[in-house]
Amino acid sequence: MSGARGGGGPEPERLAARIRDEAARAGIPAPGPALADRLGELLARLYRWNARINLTAIRDPDEGVRRHVVESLFALGRIPPDARGTLCDLGSGNGFPALPLLLAREGLEGVLFERVARKVDFLRAAIGGLGLTGRVTVREENLSSPENLPPDCRWVT
């Protein structure tokens, strides 16, 4: 991908533009500029961290736009814009689809479940960097049964 910073990964601004283009091409409403910028930053952070720890097998950022971000945004059709409640993400890994959904639906809170410590570290850094600290928490655990979900989980990914 052109426009990558020397060793620093893809540029968030370029990713944001690609996200808007690919969403429109996929037939879903393109995210507004502010949301696209935050999604671009999330994806750029993923690729910076991916250079150190394996968070995604998708190495091409353009494919990451399609497979991580745009595919996540398809689920917005199931979550009303004014949604309230908690989204729980099981096996959160690299934060997709949960983090894009939580960025797009500001009325939601999130609980991300991930058992791998280095992925938990990434998720916590991403949450802090995106300003989601008050709304989204990470639990370092393997949720063994749906009965163990927090009772306020309204959406599960």
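Leu 112 lies opposite Val 138 of strand S3 in this predicted model. The pair sits where S2 and S3 run parallel, joined by five bridges. The chain passes from S2 through H5 to S3, and this β-α-β crossover is right-handed. Helix H5 spans residues 117-129 and packs on the sheet. H5 touches both S2 and S3. The direction of H5 makes about 170° with that of S3.

Strand S2 also pairs with S1. S1 comprises residues 85-90, and S2 comprises residues 108-114. Six bridges link these two strands, again in the parallel sense. Two residue pairs mark the register. Cys 88 stands across from Val 111 in S2. Leu 90 faces Phe 113, likewise in S2. The connection from S1 to S2 involves helix H4, residues 98-104. Together, S1, H4 and S2 form a right-handed β-α-β unit. S2 is mostly covered, with six of its seven residues buried.

These pairings belong to a wider arrangement. Four strands make up an open sheet, and their pairing is parallel. The strand order is S3-S2-S1-S4. Strands S3 (136-140) and S4 (153-156) form the edges, each pairing on one side only. From one strand to the next, the twist averages 25°.

Within S1, attention turns to Thr 86. This residue is found in strand S1. Its relative accessibility is 4%. Thr 86 therefore counts as buried, since the cut-off is under 20%. Beyond its neighbours within four places in sequence, Thr 86 is in contact with seven residues: Glu 109, Gly 110, Val 111, Asp 152, Cys 153, Arg 154 and Trp 155. Of these, Val 111 is also the residue of S2 that stands opposite Cys 88. Glu 109, Gly 110 and Val 111 fall within S2, residues 108-114. Cys 153, Arg 154 and Trp 155 fall within edge strand S4, residues 153-156. Asp 152 makes a further link to Thr 86. The side chains of Thr 86 and Asp 152 are joined by a polar contact of 3.1 Å.

Arg 118 offers a contrasting case. Thr 86 and Arg 118 are separated by 32 residues in sequence. In space, their C-alpha atoms are 24 Å apart. Arg 118 falls within helix H5, residues 117-129.

Technical notes. Residues are numbered from 1 along each chain as its sequence is written. This is a predicted model: local features need pLDDT of at least 70, side-chain atom pairs count only at pLDDT 80 or more; totals for chains, interfaces and linings use all residues. Side-chain values use heavy atoms; hydrogens and water are left out. Two strands pair if DSSP finds at least two bridges between them. Axes are lines fitted to C-alpha atoms, for helices over the stretch in contact, and angles run from 0 to 180 degrees between N-to-C directions. Contact means heavy atoms within 4.5 Å. Buried means under 20% relative accessible area, exposed over 50%, partly exposed in between (1.4 Å probe, protein chains only). A crossover is right-handed if, with the strands pointing away from the viewer, the path from the first strand over the helix to the second runs clockwise. A polar contact is a pair of N or O atoms within 3.5 Å; within protein, one must be able to donate a hydrogen and the other to accept it, and residues adjacent in sequence count only if both atoms are side-chain atoms.
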